[in-house]
Amino acid sequence: MKKSTTPSPGKFISLEGCEGCGKSTQASLLKSALEAQGLTVVMTREPGGTPTGEMIRDLLQHHASGEEITPIAEVMLFAASRAQHVHNVIRPALAQGQWVICDRFVDSSLAYQAGGRELGLEKVLAVNEVALDGCWPDCTLWFDLPVTVSSARVAERGVAPDRFESEALSFHQRVVDTYEKLYQRFPERMVRVDAELSIAEVEQAVRDHLQHTLGVSL
Ligand code: TYD
């Protein structure tokens, strides 16, 4: 195992993309690669990442009260989970020089709620700026996958779909289109990874991107 002699400051990497884009698999591979460099890595996810966040996750994904959650209430629930996560997990880890890998973060709200739910970017961004309090990722890996491939991968899993997976194809198309818009809007932070490639090819692309953007050799 290669140990780095000078500890790097902590970096915050988020992974984003539509359902079935392979980001969770890549998050685990990336964690191992960073740890092999002697870095301490915190792997976390959204919604969730804290006990309160996990309760909000359950509410959002398997909502069973019979009452519909309004789109703006949905934005705020995700943002509440995020504020808790930033304050209790992400910021403290970064302050200790640890690296944070987060499976979904603010761009999921921008893609799913602003795009999918058609709330518009500015409104969702405003709510999230309060939740983030300046804690933006250093690098966001966007795993780009066409909606048709995404739906086929989700269907192959054969598990019961949650509230988001059950949405119409047009919703998921808006999600993917919004990721593309975000990629254009935040070019210094976001990198695009072709998620149609094999797991090993995607893994290599992630390593190359991180070397380029964060200067970490993996
Ligand atoms: P999850 O099971 O984590 O899905 P995935 O494996 O695709 O990451 O479910 C999270 C769902 O919540 C996913 O469909 C995207 C959605 N979501 C939002 O709509 N807004 C958000 O801000 C976040 C974090 C997730």
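With which side chain does the side chain of Arg82 make a polar contact? In this predicted model, the partner is the side chain of Ser109, at 2.9 Å. Arg82 belongs to helix 3, which spans residues 71–95. With a relative accessible area of 2%, Arg82 falls under the 20% limit and therefore counts as buried. Beyond its neighbours within four places in sequence, the residues in contact with Arg82 are Glu46, Phe105, Val106, Ser109, Asn128 and Leu132.

Ser109 also takes part in the surroundings of the ligand. An N or O atom in the side chain of Ser109 lies 2.6 Å from an oxygen atom of the ligand. A distance of 2.6 Å likewise separates a ligand oxygen from an N or O atom in the side chain of Lys23, and for the side chain of Gln61 the corresponding distance is 2.8 Å. The protein buries 91% of the 540 Å² that the ligand exposes when taken alone. In total, 14 residues surround the ligand, and the closest are Lys23, Gln61, Arg104, Ser109 and Gln113.

Lys23 is linked in turn to Asp103, the side chains of the two residues being joined by a polar contact of 2.7 Å. Asp103 is part of strand 3, residues 99–103. Its relative accessibility of 13% is under 20%, so Asp103 counts as buried. Apart from neighbours within four places in sequence, Asp103 is in contact with Leu15, Lys23, Ser24, Thr44, Arg45 and Glu46. One of these residues, Thr44, is 59 residues from Asp103 in sequence, whereas the C-alpha atoms of Asp103 and Thr44 are 6.3 Å apart in space.

A further acidic residue, Glu16, is located in strand 1, residues 12–17. Glu16 is buried but forms no salt bridge. The nearest side chain of opposite charge is that of Arg104, at 4.2 Å; a salt bridge requires a separation within 4 Å, and the pair is therefore not counted. The side chain of Glu16 does make a polar contact of 2.6 Å with the side chain of Ser108. The contacts of Glu16 outside its neighbours within four places in sequence include Cys21, Lys23, Arg104, Phe105 and Val106. Also among them are Asp107, Ser108, Thr140, Leu141, Trp142, Phe143 and Tyr179.

Elsewhere, charged side chains do pair, and the count of salt bridges comes to 14. In helix 1, residues 23–36, Glu35 and Lys31 lie four residues apart, about one turn of the helix. These two residues form a salt bridge whose closest N and O atoms are 2.9 Å apart. Glu35 has a relative accessible area of 30% and is partly exposed, as is Lys31, with a value of 24%. A second salt bridge joins Arg45 to Glu54, with 2.7 Å between the closest N and O atoms. Arg45 is partly exposed, at a relative accessible area of 34%, and Glu54 is partly exposed at 30%. A salt bridge is also present between Glu165 and Arg157, where the closest N and O atoms are 3.3 Å apart. Arg157, at 45% relative accessibility, counts as partly exposed. In addition, salt bridges with shared partners connect Glu74, Arg117, Arg163 and Glu167 in one network.

Several backbone features are found in loops. Glu46, one of the residues in contact with both Arg82 and Asp103, is joined to Pro47 by a cis peptide bond with omega of about -10°. Pro47 lies in the loop that runs between strand 2 (41–45) and helix 2 (51–61).

Positive phi values occur at Glu118, about 60°, and at Asp133, about 50°, although neither residue is a glycine. Glu118 is placed in the loop between helix 4 (106–116) and helix 5 (121–132), and Asp133 in the loop between helix 5 and strand 4 (139–144). Glu118 has a relative accessibility of 57%, which is over 50%, and so counts as exposed. Asp133 is likewise exposed, with a relative accessible area of 55%.

Notes: Residues are numbered from 1 along each chain as its sequence is written. This is a predicted model: local features need pLDDT of at least 70, side-chain atom pairs count only at pLDDT 80 or more; totals for chains, interfaces and linings use all residues. Side-chain values use heavy atoms; hydrogens and water are left out. Helices (H or I, at least four residues) and strands (E, at least two) are DSSP runs, numbered from the N terminus. Buried means under 20% relative accessible area, exposed over 50%, partly exposed in between (1.4 Å probe, protein chains only). A polar contact is a pair of N or O atoms within 3.5 Å; within protein, one must be able to donate a hydrogen and the other to accept it, and residues adjacent in sequence count only if both atoms are side-chain atoms. Contact means heavy atoms within 4.5 Å. Lys and Arg count as positive and Asp and Glu as negative; His and the chain ends are not counted. A residue is near a molecule or strand if one of its heavy atoms lies within 4 Å of it. Accessible areas come from the Shrake-Rupley method with a 1.4 Å probe; for residues, only the protein chains shown count as cover.
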